[in-house]
Amino acid sequence: FRGSNNRKFRILKFSHKPIMSDIKKRLVFSILQFLQQSIKDGTIKEEDTEGVEVAVQCVGEAFGVNVEDPEQKAAYSTKAPLLSIFEVAVRAQEKIKPATKSAPPQPVVTEIKIELTEEQKQKAEELKSAGNRKVSEKDYKTAIQLYGEAIAINGDNAVYYANRAAAYSQLGQHDKAIEDAIKSSQIDPSYSKAYSRLGHAYFCIAKYKDAVEAYEKGLSLDPNNATMKSALATAEQKASELRTDQGPSRGASHDGGTRGGGAGAGSGLGGLGNLAGLA
């Protein structure tokens, strides 16, 4: 086909036309209507009109769409012109962009918990039992090492931390005992012995008020524990004596400000039962 402005156009012929979905045909129909309207309203320059008309014909044939067909007009026409639909989509996209820039989506971090095999659980229990035997032999350093090996296998067992806390206290390492006792209570808040170990460690460094709070928490979980009851009473007495001795004018804190004197510091009543009932 040769246009009046001597430009050559070739109309494509398709021997096998794919079956088009209605939504695609409606889109093509709207595009062709838009092009025809652009010719009519002068948006397209006169010298380009013939080329656009040929393009409309080629695209219409390719998609099996004819904007002059009354049936297709009824089937494929949209209530709003294509340009209006496009403007709405652009405005919606522009509203989304600032929010995306100012608040980019945060990556979701998922904690993956690896299940232990029965063999691993059994090995950890064997190490804990070996640690308990070393405690009974008063070999606390070896006991701490064995509990640590059990924790390395299963770090989610409150008993292992509580037992190691007891061994630490026997060596006078009360700060480490406090760390382990707190960790034990975090793993299992219902494990009363974690608070018993914590109370003992606090008592040994003369933090009597903290010891009282720990023992009270333990007794709320195990109200019939006679050992903790005795330890609580002693801790309360020490806290009271400390307040009386220091007096309000000296602005004393709730602890005694001393560090409990090593391995023998737990031998008083406040330290009763630190090694009792190792699990």
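In which helix does D180 lie? D180 lies in helix α8, which covers residues 174-187, and the views below begin with the whole chain before they come back to this residue. The model is predicted, so that local features need pLDDT of at least 70 and side-chain atom pairs count only at pLDDT 80 or more, whereas totals for chains, interfaces and linings use all residues. Residues are numbered from 1 along each chain as its sequence is written, and side-chain values use heavy atoms, with hydrogens and water left out.

**View 1. The whole protein has eleven helices and zero strands.** Helices (H or I, at least four residues) and strands (E, at least two) are DSSP runs, numbered from the N terminus. Along the sequence the pattern reads α-α-α-α-α-α-α-α-α-α-α. The protein has 279 residues, of which 35% count as buried; here buried means under 20% relative accessible area, exposed means over 50%, and partly exposed lies in between (1.4 Å probe, protein chains only). Among contacts between residues at least 6 apart in sequence, 64% join residues at least 24 apart, a contact being heavy atoms within 4.5 Å. The accessible surface comes to about 17,600 Å², and 53% of that area belongs to carbon and sulfur atoms; such areas come from the Shrake-Rupley method with a 1.4 Å probe, and for residues only the protein chains shown count as cover.

**View 2. The largest pocket holds about 280 Å³ of space.** Of the 14 residues that line this pocket, S30, Q33, F34, Q36 and Q37 are the closest to its centre. On a 1 Å grid over the protein atoms alone, a pocket is an open set of points where a 1.4 Å probe fits, with protein on both sides within 12 Å along at least five of seven lines, and lining residues have an atom within 4 Å of a point. Grid points are joined across faces, edges and corners, and the volume is the space filled by probe spheres set on the points. Helices α1 (22-40) and α4 (82-102) each supply at least two residues of the lining, and α1 gives the most, with six residues. By class, the lining has six nonpolar, five polar and three charged residues, where Ala, Val, Leu, Ile, Met, Phe, Trp, Tyr, Cys and Pro count as nonpolar, Asp, Glu, Lys and Arg as charged, and the others, Gly among them, as polar.

**View 3. Two stretches carry the UniProt feature "repeat: TPR", at residues 158-191 and 192-225.** The feature comes from an unreviewed entry; UniProt positions are given in the numbering used here, feature names are shortened, and annotations may be inferred rather than shown by experiment. Over residues 158-191 the chain is 79% helix and 0% strand, with its end C-alpha atoms 7 Å apart. Over residues 192-225 the chain is again 79% helix and 0% strand, with end C-alpha atoms 10 Å apart.

**View 4. D180 and Y160 are shown with their contacts.** D180 is buried, because its relative accessible area is 6%. Leaving aside neighbours within four places in sequence, D180 is in contact with Y161, R164, A165 and Y168. Y160 is found in helix α7 (residues 158-170), and Y160 counts as buried because its relative accessible area is 1%. Not counting residues up to four places away in sequence, Y160 touches A124, E125, K128, Y147, A150, I151 and N154. Y160 and E125 are 35 residues apart in sequence, and their C-alpha atoms are 9.0 Å apart in space.

**View 5. K138 and A206 are loop residues with a positive phi.** K138, although not a glycine, has a phi of about 65°, and K138 lies in the loop between α5 (118-136) and α6 (140-153). At 64% relative accessibility, K138 counts as exposed. A206, also a residue other than glycine, has a phi near 65° and is found in the loop between α9 (192-204) and α10 (208-221). A206 is buried, with a relative accessible area of 4%.

**View 6. E115 and T142 are each shown with a partner along the chain.** E115 lies in the loop between α4 and α5 and counts as exposed, because its relative accessibility is 61%. E115 and N154 are 39 residues apart in sequence and 9.8 Å apart in space, C-alpha to C-alpha. T142 is found in helix α6 and is partly exposed, with a relative accessible area of 25%. The C-alpha atoms of T142 and A130, twelve residues apart along the chain, are separated by 9.3 Å.
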